[in-house]
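Biologist: I am new to this structure. Could we go through a few of its features together?

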Amino acid sequence: MIAEILAAVSLVFAALTAAGLHRELRFWSAEERFQQRCREIDVVIPLKGAPPGLEENLAAIAGQSTGGAKARYIFVVDSPEDPAASIASKYGEVFVAGEAPGAPGKSWALARALSVARGDCIVFADDDIRPGPGWLEGLTAPLSVYDAATTYRWYVGPGLCTRARAAISNMAFSAMQDPRSRFLWGGSTALRRDVVDRGKIAERLPRYISDDYATYSAVKELGGEIWFSRSSIAPTPDLRCSWGEMFRWGVRQILMVKWYSRQGWIVGLAIYTLNFAFGIAIPVAGLALGSPILAVGFSIPLINLVKDFVRARGVERRAGIKTRPLEVLETWALGNFVIPLAVWTSAFVKCVKWRGRIYCEDDVRRLQSGTR
């Protein structure tokens with residue numbers, strides 16, 4: 001009797017997973033046709049250090065088509081002695097923000113750079129992406145209709161460590177597909193200048209560890225709408241992946257959700273726990289204990305595998321980023337275990353180290369209250 005009940009619950013979860021597959025198919029069939037209305041685009045990229053591949057990334061960021069708009073690239077460093085400054089000077093202006101006085105480093109850099117930004121459209125970008133030539137136009141043209149536009153990264157590179165990182169990173173894709181849960185990813189976000197000013201984003205940024213949530217909260221408070229640019233999905237080379245660093249990075253990403261959107265984190269914790277239980281643990285236990293009916297739960301990860309292939313095909317068709325079938329399979333297989341482990345770990349971790357700084361859960365409340 002228990003086996004039959006568990007099998008029935010597994011079928012319910014399989015049906016919900018199939019609904020997610022249907023949403024994935026609809027997401028990639030949406031049209032993207034916007035006329036560029038930006039006159040001048042300021043692209044702001046915070047830099048710290050010169051990791052491998054930095055120059056190739058900056059060259060790709062600066063080599064964009066704009067649809068007739070004028071583009072200005074502002075590279076932000078803490079100090080002129082930063083090794084990134086000499087590299088960045090080849091591709092745009094270098095702005096020295098100075099050390100953050102008790103504020104998160106990246107958020108401080110973005111806030112300071114806004115003081116010299118003069119474009120009618122503002123773009124925030126990370127230095128680890130290597131976008132195609134249509135990235136900037138695809139990100140800014142929707143501002144003719146929407147208050148903000150964003151996209152997401154797509155990790156590329158060989159090795160199982162990179163595939164595991166891609167699995168954790170791709171958790172956010174499902175949220176991006178629904179306008180109700182869509183957020184602004186700081187690695188590639190475009191804002192109209194009036195939104196930056198009315199949302200007081202320069203003042204808001206230093207009060208947030210995550211610049212993503214600083215900009216997102218401003219847009220939502222203004223009642224703004226966000227477009228997701230499929231054509232601007234940014235390939236991100238993973239050149240020095242190590243398992244320990246990758247896992248800490250994954251937990252850190254999840255902690256930002258926990259600290260700034262606790263309800264969303266709780267929902268995610270429940271979903272990934274139940275999916276692992278009914279899609280992996282219970283079917284395996286059922287086969288081991290002689291209850292083959294429980295194997296119906298394997299349909300949950302198998303539907304997710306189909307969804308992953310649909311997504312990879314959509315990314316290739318819209319953004320030109322190719323992912324080999326074996327890479328899709330590896331990402332899916334590792335994700336079944338790495339994702340729930342990272343989500344569970346986030347329930348117990350209180351502090352993270354991010355670019356040489358340590359941030360704890362208490363810092364979120366302290367920063368937002370305006371204390372240092």
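Modeller: Certainly. Please keep in mind that this is a predicted model. Let us begin with Lys200, whose place is in the loop between α8 (193-198) and α9 (201-204).

Biologist: What is the phi of Lys200?

Modeller: Lys200 has a positive phi of about 45°, although this residue is not a glycine. Most residues other than glycine have a negative phi.

Biologist: Let us turn to another loop. Where does Pro158 lie?

Modeller: Pro158 lies in the loop between β6 (153-156) and α6 (160-169).

Biologist: Is Pro158 buried or exposed?

Modeller: Pro158 is exposed, because its relative accessible area is 72% and the cut-off for exposed is over 50%. As for its surroundings, the C-alpha atoms of Pro158 and Cys241 are separated by 9.7 Å, and the two residues are 83 residues apart along the chain.

Biologist: And Thr17, is that buried or exposed?

Modeller: Thr17 is buried, because its relative accessible area is 8%, and buried means under 20%. Its place is in helix α1 (residues 2-29).

Biologist: Which residues does Thr17 touch?

Modeller: Leaving aside residues up to four places away in sequence, Thr17 touches Ile300, Ile303 and Asn304.

Biologist: Changing topic to α14: how many residues does this helix have, and what distance does it reach?

Modeller: Helix α14 (residues 325-346) has 22 residues and reaches 30 Å from its first C-alpha to its last. That is close to the 32 Å expected at 1.5 Å a residue.

Biologist: Where is the kink in α14 centred?

Modeller: The kink in α14 is centred on Gly335 and is of about 45°.

Note on methods:
Residues numbered from 1 in each chain as written. Predicted model: local features only at pLDDT ≥ 70, side-chain atom pairs only at ≥ 80, totals over all residues. Heavy atoms only, no water. Helix = DSSP H or I, 4+ residues; strand = E, 2+ residues; numbered from the N terminus. Buried < 20%, exposed > 50% of the residue type's maximum accessible area, 1.4 Å probe, protein only. Contact = heavy atoms within 4.5 Å. Expected span 1.5 Å × (residues − 1). Bend = angle between axes of the 7 residues up to and from the residue.
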